[in-house]
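Please open the model in your viewer and keep the selection tool at hand. The stops below each begin with something to select and then say what is there.

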Amino acid sequence: MASVALHFPPSCRNFPSKPRRKYFPPKTWRCLTTTANASDADPLLEAAKHTVDTYIESGTVVGLGSGRASGMVIQYLGQQLRKGALKNIVGIPTSISSASEAAKAGIPLEHYPDSPQIDFAVNDADIIEEGTLTAVIGGQKLQGGESLLQEMSIIKAAGRLAFIVTEMQYKRDLEGSIPVLVQSDNWMETAEEIDDLFLGDAEVWRRPTIGLAGPMGGEFPLVTREGHNVLDLIFTSPIADLAQVAESLDKIDGVVDHGVISGIPCIAVIASKDGLQIVDSLPSSVIKGL
């Protein structure tokens with residue numbers, strides 16, 4: 001079997017950069033900015049509280065995401081339930097860690113796909129593309145038994161969706177990596193095809209379970225609960241069009257799913273020391289209290 005020739009670090013490669021695409025911010029999206037609080041509260045905590053107070057009401061089925069900001073949402077949501085400010089909330093955890101945090105916070109849980117609906121979901125994002133609100137999730141290391149596929153499925157199934165990020169994660173010039181779920185039995189052929197598609201712009205590395213690894217995933221490559229491998233598509237050049245990357249990945253045999261969330265109406269709650277910025281693509285009828 002042929003090996004994946006993706007073992008040169010970005011510093012050893014000299015690729016011509018592709019021309020940047022023009023930036024056209026969608027006219028239908030609104031940008032709302034709150035004033036900074038005088039307190040020294042964590043901006044992410046303020047973003048988490050704002051998300052719960054603004055978008056979650058009694059009787060809501062909530063997809064509970066993974067990450068630091070999502071953990072703050074879970075804790076604050078539990079506080080609001082204990083105070084009686086919210087009632088009849090049901091949480092759908094995207095991961096084992098979010099399920100554990102929600103149980104400790106006293107949030108009643110159901111598990112996907114047992115719940116017939118998900119009214120609203122909140123999650124962390126690795127990056128969000130300014131203007132398009134296309135997001136990347138799943139960059140963090142998975143714990144044993146976690147399911148990246150479940151996290152992405154819950155997010156895509158939600159009637160409404162909010163990402164909580166810092167101002168450093170909301171940008172026009174994107175960089176970083178995209179996780180790609182692939183079938184394990186032919187992962188190497190799939191990796192080679194992805195490498196050929198993005199040749200000169202990205203590296204393809206199989207994610208390990210523990211420790212650092214090269215392109216092959218080391219001695220302990222990650223196998224998800226569903227039996228898939230995770231390939232990290234590590235961009236060494238700016239990502240010119242995140243939605244186009246997603247569309248290209250969807251066409252490759254062996255790709256099960258990927259961490260790009262594109263074309264779904266959503267809200268970006270952007271935290272900074274100067275206050276909160278809310279960028280949304282939802283109708284004004286579903287925005288309350290802004």
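Begin by selecting K156, which in this predicted model has a relative accessibility of 39% and therefore counts as partly exposed, since that class lies between 20% and 50%. Add D257 to the selection: the two side chains meet in a salt bridge, with 3.0 Å from N to O. Because K156 belongs to helix α4 (residues 148-157) and D257 to strand β12, this pair ties together parts of the chain that are 101 residues apart in sequence. D257 counts as buried, at 12% relative accessibility.

The salt bridge just shown is one of 5 that the structure holds. For another, select R207 and D232, whose side chains meet at 2.6 Å, N to O. R207 lies in the loop between β10 and β11, whereas D232 lies in strand β11 itself, so the pair ties together parts that are 25 residues apart in sequence. Are these two residues buried or exposed? R207 is buried, with a relative accessible area of 4%, and D232 is buried as well, with 13%.

Next, select D42 and R68, which form a salt bridge through their side chains at 2.3 Å, N to O. This pair links distant parts of the chain, 26 residues apart, with D42 in the loop between β1 (30-33) and α1 and R68 in helix α2. D42, at 25% relative accessibility, counts as partly exposed.

Now turn to the nonpolar interior. Select I56, L77, I89, I107 and I164, which are the residues with the most contacts inside the largest nonpolar core, a set of 29 residues. Among the elements that give two or more residues to this core are helices α1 (43-55), α2 (68-83) and α3 (96-105), together with strands including β4 (120-124), β7 (160-166) and β14 (267-272). Which element gives the most to this core? It is α2, with 7 residues.

Centre the view on I164 and display its surroundings: leaving aside residues up to four places away in sequence, I164 touches L44, A47, A48, T51, A69, V73, V122, N123, D124, A125 and V269. A second, separate core of 27 residues can be selected afterwards, and I92, M152, L161 and V165 are included in it.

Move on to helix α5 (residues 187-197) and colour its buried residues, which are W187, M188, T190, A191, I194 and D195. If you look down the axis of α5, these buried residues fall within an arc of 160 degrees, so they line one face of the helix. To see what covers the buried residues of α5, select among others β9 (174-183), β10 (202-206), β11 (228-239), α6 (242-250) and β12 (255-258).

Finish at an open sheet of 4 strands, whose order is β8-β5-β6-β13 and whose pairing is mixed. The strands at the edges are β8 (170-171) and β13 (260-261); each has a single partner strand, so one side of each is left without a neighbour in the sheet. Strand β5 (residues 127-129) and β8 run parallel and are joined by 2 bridges. As a last selection, pick I128 and then its bridge partner in β8, which is Y170.

Terms used: Residues are numbered from 1 along each chain as its sequence is written. This is a predicted model: local features need pLDDT of at least 70, side-chain atom pairs count only at pLDDT 80 or more; totals for chains, interfaces and linings use all residues. Side-chain values use heavy atoms; hydrogens and water are left out. A nonpolar core is a set of buried Ala, Val, Leu, Ile, Met, Phe, Trp, Tyr and Cys residues joined through side-chain atoms within 4.5 Å. Buried means under 20% relative accessible area, exposed over 50%, partly exposed in between (1.4 Å probe, protein chains only). Contact means heavy atoms within 4.5 Å. The arc is that of the directions from the helix axis to the C-beta atoms. A salt bridge is a side-chain nitrogen of Lys or Arg within 4 Å of a carboxyl oxygen of Asp or Glu. Two strands pair if DSSP finds at least two bridges between them.
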